[in-house]
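Reader: I'd like to walk through the ligand site and the empty spaces in this one. Can you show me the model before we start?

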Amino acid sequence: FGGVTTAKLNQEPPSWCPHGATSNDLSILCNDSSLELSEYWDQKFSGDNDEQERLLMESSTLYVGNLSFYTTKEQIYELFSRCGDIENVYMGLDKIKKMGCGFCFVEYFNRAEAENAMQFLNGTSLDDHIICTDWDLGFREGRQYGRGQSGGQLGDAFHDDFNVDRGGFGKQAQVP
Ligand code: GTA
(Lines give C-alpha, C1' and ligand atoms only; values in the text may rest on other atoms or scores of the structure.)
Protein backbone atom coordinates (compact mmCIF):
# COMPACT_ATOMS: atom_id res chain seq x y z
CA PHE A 1 0.00 0.00 0.00
CA GLY A 2 2.66 2.51 -1.03
CA GLY A 3 3.45 5.11 1.60
CA VAL A 4 0.69 4.04 3.99
CA THR A 5 2.01 2.55 7.20
CA THR A 6 -0.46 1.14 9.66
CA ALA A 7 1.57 -1.13 11.92
CA LYS A 8 3.87 1.22 13.83
CA LEU A 9 2.17 2.45 16.97
CA ASN A 10 4.89 4.19 18.91
CA GLN A 11 2.92 7.35 19.49
CA GLU A 12 -0.13 8.47 21.41
CA PRO A 13 -2.59 10.74 19.65
CA PRO A 14 -2.25 14.32 20.89
CA SER A 15 -4.51 15.32 23.77
CA TRP A 16 -6.44 17.66 21.48
CA CYS A 17 -7.57 14.81 19.21
CA PRO A 18 -11.37 14.90 19.21
CA HIS A 19 -11.77 11.12 19.67
CA GLY A 20 -9.14 9.63 21.96
CA ALA A 21 -9.11 5.94 20.96
CA THR A 22 -5.97 4.45 19.43
CA SER A 23 -5.73 1.24 17.44
CA ASN A 24 -4.30 -0.36 20.59
CA ASP A 25 -7.77 0.12 22.03
CA LEU A 26 -9.86 -2.87 20.93
CA SER A 27 -13.04 -1.03 21.85
CA ILE A 28 -12.88 0.82 18.53
CA LEU A 29 -13.62 -2.48 16.80
CA CYS A 30 -17.03 -2.91 18.35
CA ASN A 31 -17.95 0.17 20.32
CA ASP A 32 -20.32 2.68 18.78
CA SER A 33 -18.93 5.42 21.05
CA SER A 34 -16.45 5.95 18.23
CA LEU A 35 -19.42 7.30 16.26
CA GLU A 36 -20.47 9.87 18.86
CA LEU A 37 -20.03 13.58 18.25
CA SER A 38 -16.89 15.06 19.77
CA GLU A 39 -16.72 18.27 21.75
CA TYR A 40 -15.22 20.14 18.81
CA TRP A 41 -17.42 23.04 17.74
CA ASP A 42 -16.58 25.15 14.71
CA GLN A 43 -16.52 28.70 16.09
CA LYS A 44 -16.72 30.13 12.58
CA PHE A 45 -19.91 28.29 11.62
CA SER A 46 -22.55 30.86 10.79
CA GLY A 47 -25.62 28.84 11.92
CA ASP A 48 -26.78 28.09 15.46
CA ASN A 49 -25.82 25.13 17.65
CA ASP A 50 -28.88 23.07 16.70
CA GLU A 51 -28.06 23.42 13.04
CA GLN A 52 -24.43 22.47 13.62
CA GLU A 53 -25.53 19.37 15.52
CA ARG A 54 -28.03 18.39 12.82
CA LEU A 55 -25.39 18.71 10.09
CA LEU A 56 -22.92 16.62 12.11
CA MET A 57 -25.51 13.88 12.70
CA GLU A 58 -26.25 13.60 8.96
CA SER A 59 -22.75 14.20 7.65
CA SER A 60 -20.69 11.95 5.39
CA THR A 61 -17.61 14.12 5.85
CA LEU A 62 -14.77 13.53 8.28
CA TYR A 63 -12.10 15.84 9.61
CA VAL A 64 -8.76 14.04 9.88
CA GLY A 65 -6.20 15.53 12.25
CA ASN A 66 -2.62 15.02 13.38
CA LEU A 67 -1.36 14.26 9.87
CA SER A 68 2.28 14.73 9.00
CA PHE A 69 2.73 17.90 6.95
CA TYR A 70 4.23 15.62 4.29
CA THR A 71 1.30 13.21 3.91
CA THR A 72 -0.14 13.45 0.42
CA LYS A 73 -3.68 13.45 -0.91
CA GLU A 74 -2.89 10.14 -2.66
CA GLN A 75 -1.99 8.53 0.69
CA ILE A 76 -5.27 9.78 2.15
CA TYR A 77 -7.24 8.28 -0.76
CA GLU A 78 -5.35 5.02 -0.41
CA LEU A 79 -6.09 4.64 3.29
CA PHE A 80 -9.63 6.05 3.51
CA SER A 81 -10.96 4.29 0.39
CA ARG A 82 -10.54 1.03 2.33
CA CYS A 83 -13.72 2.08 4.15
CA GLY A 84 -15.81 3.20 1.18
CA ASP A 85 -15.97 5.26 -1.99
CA ILE A 86 -14.62 8.76 -1.55
CA GLU A 87 -16.25 11.72 -3.24
CA ASN A 88 -13.54 14.28 -2.39
CA VAL A 89 -10.49 14.91 -0.25
CA TYR A 90 -9.58 18.48 0.72
CA MET A 91 -6.08 18.84 2.12
CA GLY A 92 -5.58 21.39 4.91
CA LEU A 93 -3.22 24.17 3.89
CA ASP A 94 -1.11 26.73 5.66
CA LYS A 95 -2.90 29.89 4.60
CA ILE A 96 0.35 31.77 4.04
CA LYS A 97 2.68 29.11 2.60
CA LYS A 98 -0.12 27.20 0.84
CA MET A 99 1.51 23.93 1.93
CA GLY A 100 0.14 20.98 3.89
CA CYS A 101 -0.35 21.82 7.56
CA GLY A 102 -1.51 18.55 9.12
CA PHE A 103 -5.21 17.98 8.50
CA CYS A 104 -7.73 17.22 5.77
CA PHE A 105 -11.42 16.60 5.11
CA VAL A 106 -12.59 13.30 3.59
CA GLU A 107 -16.03 13.35 1.95
CA TYR A 108 -17.68 9.96 1.41
CA PHE A 109 -20.67 9.31 -0.82
CA ASN A 110 -22.76 8.11 2.12
CA ARG A 111 -22.95 8.09 5.89
CA ALA A 112 -22.37 4.33 6.31
CA GLU A 113 -18.96 4.58 4.64
CA ALA A 114 -18.01 7.52 6.82
CA GLU A 115 -19.10 5.52 9.90
CA ASN A 116 -16.76 2.71 8.83
CA ALA A 117 -13.88 5.15 8.69
CA MET A 118 -14.78 6.62 12.10
CA GLN A 119 -14.77 3.12 13.60
CA PHE A 120 -11.73 1.64 11.94
CA LEU A 121 -9.35 4.45 11.01
CA ASN A 122 -9.41 6.67 14.10
CA GLY A 123 -6.09 5.94 15.80
CA THR A 124 -4.38 4.44 12.74
CA SER A 125 -0.74 5.24 12.10
CA LEU A 126 -0.07 7.04 8.84
CA ASP A 127 3.45 8.32 8.09
CA ASP A 128 4.34 7.53 11.72
CA HIS A 129 1.55 9.79 12.98
CA ILE A 130 -1.42 8.54 14.96
CA ILE A 131 -4.22 10.19 13.05
CA CYS A 132 -7.57 11.13 14.54
CA THR A 133 -10.95 11.39 12.86
CA ASP A 134 -13.95 13.52 13.74
CA TRP A 135 -17.37 14.16 12.24
CA ASP A 136 -17.40 17.31 10.22
CA LEU A 137 -20.35 19.49 9.28
CA GLY A 138 -19.29 19.61 5.62
CA PHE A 139 -16.60 21.27 3.60
CA ARG A 140 -16.97 24.92 2.53
CA GLU A 141 -14.42 26.97 0.61
CA GLY A 142 -12.01 28.55 3.11
CA ARG A 143 -12.22 25.74 5.66
CA GLN A 144 -9.10 24.11 4.19
CA TYR A 145 -6.90 26.87 5.64
CA GLY A 146 -5.24 26.82 9.05
CA ARG A 147 -6.61 29.50 11.37
CA GLY A 148 -3.45 30.11 13.42
CA GLN A 149 -1.69 33.48 13.20
CA SER A 150 1.36 31.92 11.58
CA GLY A 151 -0.78 30.30 8.85
CA GLY A 152 -0.98 26.74 10.20
CA GLN A 153 -3.50 25.15 12.56
CA LEU A 154 -4.45 27.11 15.61
CA GLY A 155 -3.62 24.18 17.93
CA ASP A 156 -0.08 23.93 16.56
CA ALA A 157 0.76 27.28 18.11
CA PHE A 158 0.12 25.78 21.55
CA HIS A 159 1.55 22.23 21.56
CA ASP A 160 4.70 21.93 23.68
CA ASP A 161 6.15 18.64 22.42
CA PHE A 162 8.70 18.42 19.63
CA ASN A 163 7.37 17.13 16.32
CA VAL A 164 9.45 17.93 13.28
CA ASP A 165 6.71 16.78 10.89
CA ARG A 166 4.37 19.34 12.43
CA GLY A 167 6.74 22.29 12.48
CA GLY A 168 8.84 21.47 15.58
CA PHE A 169 7.74 23.05 18.85
CA GLY A 170 4.58 25.15 18.85
CA LYS A 171 5.08 28.90 18.52
CA GLN A 172 4.07 29.55 22.14
CA ALA A 173 6.53 26.91 23.39
CA GLN A 174 9.37 28.72 21.61
CA VAL A 175 8.79 31.91 23.60
CA PRO A 176 11.42 31.98 26.45
N1 GTA B 1 -14.73 18.63 12.42
O2 GTA B 1 -11.55 18.57 15.72
C3 GTA B 1 -11.97 19.08 14.68
C4 GTA B 1 -11.33 20.15 13.98
N5 GTA B 1 -10.20 20.90 14.23
C6 GTA B 1 -9.29 20.79 15.39
C7 GTA B 1 -10.04 21.78 13.23
N8 GTA B 1 -11.07 21.65 12.35
C9 GTA B 1 -11.87 20.65 12.79
N10 GTA B 1 -12.99 20.15 12.26
C11 GTA B 1 -13.62 19.14 12.92
N12 GTA B 1 -13.12 18.61 14.09
O13 GTA B 1 -11.91 24.35 9.01
C14 GTA B 1 -11.23 22.39 11.12
C15 GTA B 1 -11.67 23.85 11.35
C16 GTA B 1 -11.09 24.55 10.13
C17 GTA B 1 -9.77 23.80 9.90
C18 GTA B 1 -8.55 24.48 10.51
O19 GTA B 1 -9.94 22.51 10.49
O20 GTA B 1 -13.09 23.97 11.40
P21 GTA B 1 -7.75 25.16 12.99
O22 GTA B 1 -7.39 23.92 13.69
O23 GTA B 1 -6.66 25.99 12.42
O24 GTA B 1 -8.63 26.15 13.87
O25 GTA B 1 -8.86 24.81 11.84
P26 GTA B 1 -9.87 25.82 14.84
O27 GTA B 1 -10.49 24.51 14.57
O28 GTA B 1 -10.78 26.99 14.79
O29 GTA B 1 -9.10 25.78 16.25
P30 GTA B 1 -9.66 25.23 17.68
O31 GTA B 1 -10.13 23.85 17.57
O32 GTA B 1 -10.62 26.22 18.21
O33 GTA B 1 -8.37 25.19 18.51
C34 GTA B 1 -7.53 24.07 18.35
C35 GTA B 1 -6.83 23.78 19.64
O36 GTA B 1 -5.87 24.83 19.85
C37 GTA B 1 -7.68 23.79 20.91
O38 GTA B 1 -8.31 22.57 21.17
C39 GTA B 1 -6.61 24.09 21.95
O40 GTA B 1 -5.91 22.90 22.26
C41 GTA B 1 -5.68 25.02 21.21
N42 GTA B 1 -5.93 26.42 21.50
C43 GTA B 1 -6.70 27.25 20.78
N44 GTA B 1 -6.69 28.46 21.32
C45 GTA B 1 -5.90 28.37 22.44
C46 GTA B 1 -5.50 29.28 23.43
N47 GTA B 1 -5.86 30.58 23.41
N48 GTA B 1 -4.67 28.83 24.42
C49 GTA B 1 -4.27 27.55 24.46
N50 GTA B 1 -4.62 26.65 23.54
C51 GTA B 1 -5.42 27.06 22.55
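**Ligand site and spaces**

Author: Among the elements around the ligand, S6 provides the largest share of the shell, three residues. Strands here are DSSP runs of E with at least two residues, and helices are runs of H or I with at least four, numbered from the N terminus. Bear in mind that this is a predicted model, where local features need pLDDT of at least 70, side-chain atom pairs count only at pLDDT 80 or more, and totals for chains, interfaces and linings use all residues. Residues are numbered from 1 along each chain as its sequence is written, and side-chain values use heavy atoms, with hydrogens and water left out.

Reader: How many residues surround the ligand?

Author: A residue belongs here if one of its heavy atoms lies within 4 Å of the ligand. The closest are Tyr40, Asp134, Asp136, Arg143 and Arg147, and the full number of surrounding residues is 17.

Reader: Which side chain lies 2.6 Å from an oxygen atom of the ligand?

Author: Let's go through the polar contacts, pairs of N or O atoms within 3.5 Å. A ligand nitrogen is 3.0 Å from a polar backbone atom of Trp135, and a ligand nitrogen is 2.9 Å from a side-chain N or O atom of Asp136. For the ligand oxygen at 2.6 Å, the partner is a polar side-chain atom of Tyr40.

Reader: Which pocket does the ligand sit in?

Author: A pocket is an open set of points on a 1 Å grid over the protein atoms alone, with protein on both sides within 12 Å along at least five of seven lines; lining residues have an atom within 4 Å of a point. To sit in one, a molecule needs more than half of its atoms within 2 Å of the grid points. By that test, the ligand is in the largest pocket.

Reader: What is the volume of the largest pocket?

Author: Volume means the space filled by probe spheres set on the points, which are joined across faces, edges and corners. S6 gives the most to this pocket's lining, with three residues. The volume of the largest pocket is about 610 Å³.

Reader: And the largest cavity: how much space lies in there?

Author: A cavity is a set of points where a 1.4 Å probe fits but cannot get out. The lining of the largest cavity includes Tyr40, Trp135 and Asp136, and S6 supplies its largest share, three residues. The space in that cavity is about 60 Å³.

Methods:
A polar contact is a pair of N or O atoms within 3.5 Å; within protein, one must be able to donate a hydrogen and the other to accept it, and residues adjacent in sequence count only if both atoms are side-chain atoms.
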